[in-house]
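Reader: I am new to this structure and would like to examine it step by step. May I begin with its internal spaces, once it is shown?

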Amino acid sequence: MGLSTPALEALCGNKPPKSYNKTVHSSFLKGFFFGAATSAHQVEGGNRNDWTEWEVGNADRLAAEAKKRSWPEFLLKNDPSPLQKENYISGKACDHYNRFEEDFDIAKKLGHNAHRFSIEWSRVEPLEGRFNEKELEHYRNVVHALRKRNLEPFVTLWHWTIPLWLKNKGGLESSEFQIYFSRYAEKVVGALGTDITFWITLNEPNALVRRAYIEGDWPPCKRSFLSAFRVLLYLARAHRAAYQIIHKHIPRAQVGWSSAVRYFKPARKNVLDYLSTMTARFWSEKFFLLLTRNENDYLAIQYYRKGEVQFPLRITDTGDLSDIGWAIHPEGLHFILKRLSRYKKPIYITENGLADARDAQRGEFIRNHLAWMKKAMDEGADVRGYFHWSLLDNFEWSSGFWPRFGLVEVNYKTFKRKIRPSALVYKSIIEKDLSSS
Ligand code: FCB
C-alpha cells in the first residue's frame, strides 16, 4: 500500500502543484491509510450531553440570527434549512448509532482501508463512575464491524462533548478533570481490547478552547483567558495521563491528539501583520504540542483553510470559499506538513474536507489536497494516513445540519444515504494507489 508513480499522475490531474517533484521514496510506500472521519455527537443521534442541552436552549436564537443574514438560494433549499429551529438540534443526527454497519459497508465500497470515529463519553459513563456495559459493548461491535471489513480503526476518546454530571462539576474547568478522564480512558481501553493500535485522546483542544472559552459562542460560552488557559493545562494533563494508560494496556499503541491547523499568512507586508501571523501559527501549531511534548507518538493534523492575518489578530478568509465561507487553499497543507516535519514524527491528516452541498468543488478539493500532501511526502514529510471529513453529512456543531461535509449525502427525514460523485473521485485515487504498490 502507498502512493506510487501511476497514482501520482492521477493525483495531480490537470493542476499539478508547481515545482512538483516525481521522485518516489520507498520509505512511505507501505501501509498508507486512506479513510474518512466522523465524531459520535455529530452522527450517532440520541445523545444526552452538554451539547444536547445547549442546543435545545439556543436553537431559537440561532435560527433567528440566521434570518438576519442573506443566504444563497441553494442553501435555503437544504432540509433542514439554516432558518429552521430543527437545524440546530442534533436529535437523531444521522442515526449512525443504529446504522453503522450500513455506513461501514459504504466506506468499504468507496475503497477506504481505515476509519476514524469517536466514543461518546456520556453514553459510556452516563452517571459519575457508573459505566454502562451495554454501551461499551456497542463500541466493541463498532470496532468489530470495522475489522470485519478490513478498515483500521482510529479511535478518538474525546471529540468535544462531555456527560452532564461532569458539566455540573465544572466541566473542563474542574480541577479533577484529569482524574475523570483517566478513569474513562482506562475503562474504554480495557473494554475495547488490545488490538487497537491508533488512539487520538483529544480532538482539536486548540479549536474547542478558542470557541468555548475565548470567543464564547460554544458551550459553556465563556470569554476568559484565565479559563482558557486553565482548560488547556487540564486537557494537556488529561492527554498525558491517557497516553500512559493506553501504553500500559497496549505497549505498541500509537497515541496522539489532533490539532486544528490553518495556513496563516500576513494580510499586508508589514511587521505588525507578520508578528500577528507568527502568533496565530504558534497557537495553532505549537502551544499544545509544547504542553504534551513527551507524550506524542505521532502528530495528527486537521487542515481546512487559509487565513489572512491582520494586526492585532483579525483573520479573514479570502479567495475560493466553501459553503461556510472557509478559504480553500490546498498548497497550505504542503506548507504545514513541511513545517511539522521538523519534529521528526509520523504525521496523520485526521481531518480535511469542505462544506459543499452541491458537490461542485469536493472532487477537485480532494485531488489537490492529496497532490500537495504527496509533494510534501516526496520532500521528506512522514505522512502515513489521510482521513476525509467526513464520511457522512452530519451535525456541524452550532451551524447545525445545513453545512454538507459528507462524501455521502444524508436525507435527514428518511436517513437514506446517497454516494456523492466526489466520493468516487477519492475512491479512484485510492484504488490506483493501492493496486500499484
Ligand atoms: C473540525 C471538527 C469536526 C468538524 C469539522 C468541520 O474542526 O473537529 O468535528 O466540525 O471541523
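Reader: By class, how many residues of each kind does the lining of the second largest cavity have?
Author: The model is predicted: local features need pLDDT of at least 70, side-chain atom pairs count only at pLDDT 80 or more, and totals for chains, interfaces and linings use all residues. Residues are numbered from 1 along each chain as its sequence is written, and side-chain values use heavy atoms, leaving out hydrogens and water. On a 1 Å grid over the protein atoms alone, a cavity is a set of points where a 1.4 Å probe fits but cannot get out, and lining residues have an atom within 4 Å of a point. With Ala, Val, Leu, Ile, Met, Phe, Trp, Tyr, Cys and Pro counted as nonpolar, Asp, Glu, Lys and Arg as charged, and the others, Gly among them, as polar, the lining has seven nonpolar, five polar and one charged residues.

Reader: Which elements each supply at least two residues of that lining?
Author: The second largest cavity is lined by 13 residues, and Glu44, His96, Phe117, Ser118 and Tyr139 lie nearest its centre. Helices (H or I, at least four residues) and strands (E, at least two) are DSSP runs, numbered from the N terminus. The elements that each give at least two lining residues are α2 (40-43), α5 (96-109), β2 (114-118) and α7 (133-148).

Reader: How much space lies in the largest cavity?
Author: The search of the whole structure finds three cavities of 30 Å³ or more. A volume is the space filled by probe spheres set on the grid points, which are joined across faces, edges and corners. The second largest cavity holds about 70 Å³, and the space in the largest cavity is about 100 Å³.

Reader: Which elements give two or more residues to the lining of the largest cavity?
Author: Among the residues lining the largest cavity are Trp257, Ser284, Tyr298 and Leu340. The elements giving two or more residues to this lining are β5 (254-266), α12 (271-291) and β6 (299-310).

Reader: Is Ser276 buried or exposed?
Author: Ser276 is in helix α12, and a polar atom of its side chain lies 2.9 Å from the backbone oxygen of Pro312. Buried means under 20% relative accessible area, exposed over 50% and partly exposed in between, with a 1.4 Å probe and protein chains only. Because its relative accessibility is 3%, Ser276 counts as buried.

Reader: With which side chain does the side chain of Thr156 make a polar contact?
Author: Thr156 lies in strand β3 (residues 152-158) and is buried, with a relative accessible area of 0%. Apart from neighbours within four places in sequence, Thr156 is in contact (heavy atoms within 4.5 Å) with residues including Phe117, Ile200 and Asn203. A polar contact is a pair of N or O atoms within 3.5 Å; within protein, one must be able to donate a hydrogen and the other to accept it, and residues adjacent in sequence count only if both atoms are side-chain atoms. At 3.0 Å, the partner of the Thr156 side chain is that of Arg116.

Reader: How far is a polar side-chain atom of Glu204 from an oxygen atom of the ligand?
Author: The residues surrounding the ligand, each with a heavy atom within 4 Å of it, include Gln42, His159 and Glu204. An N or O atom in the side chain of Gln42 is 2.7 Å from a ligand oxygen atom, and for His159 the distance is 2.8 Å. For Glu204, the distance is 2.6 Å.

Conventions. 1 Å grid on protein atoms, 1.4 Å probe; cavity = no way out; pocket = protein on both sides within 12 Å on 5 of 7 lines; lining within 4 Å.
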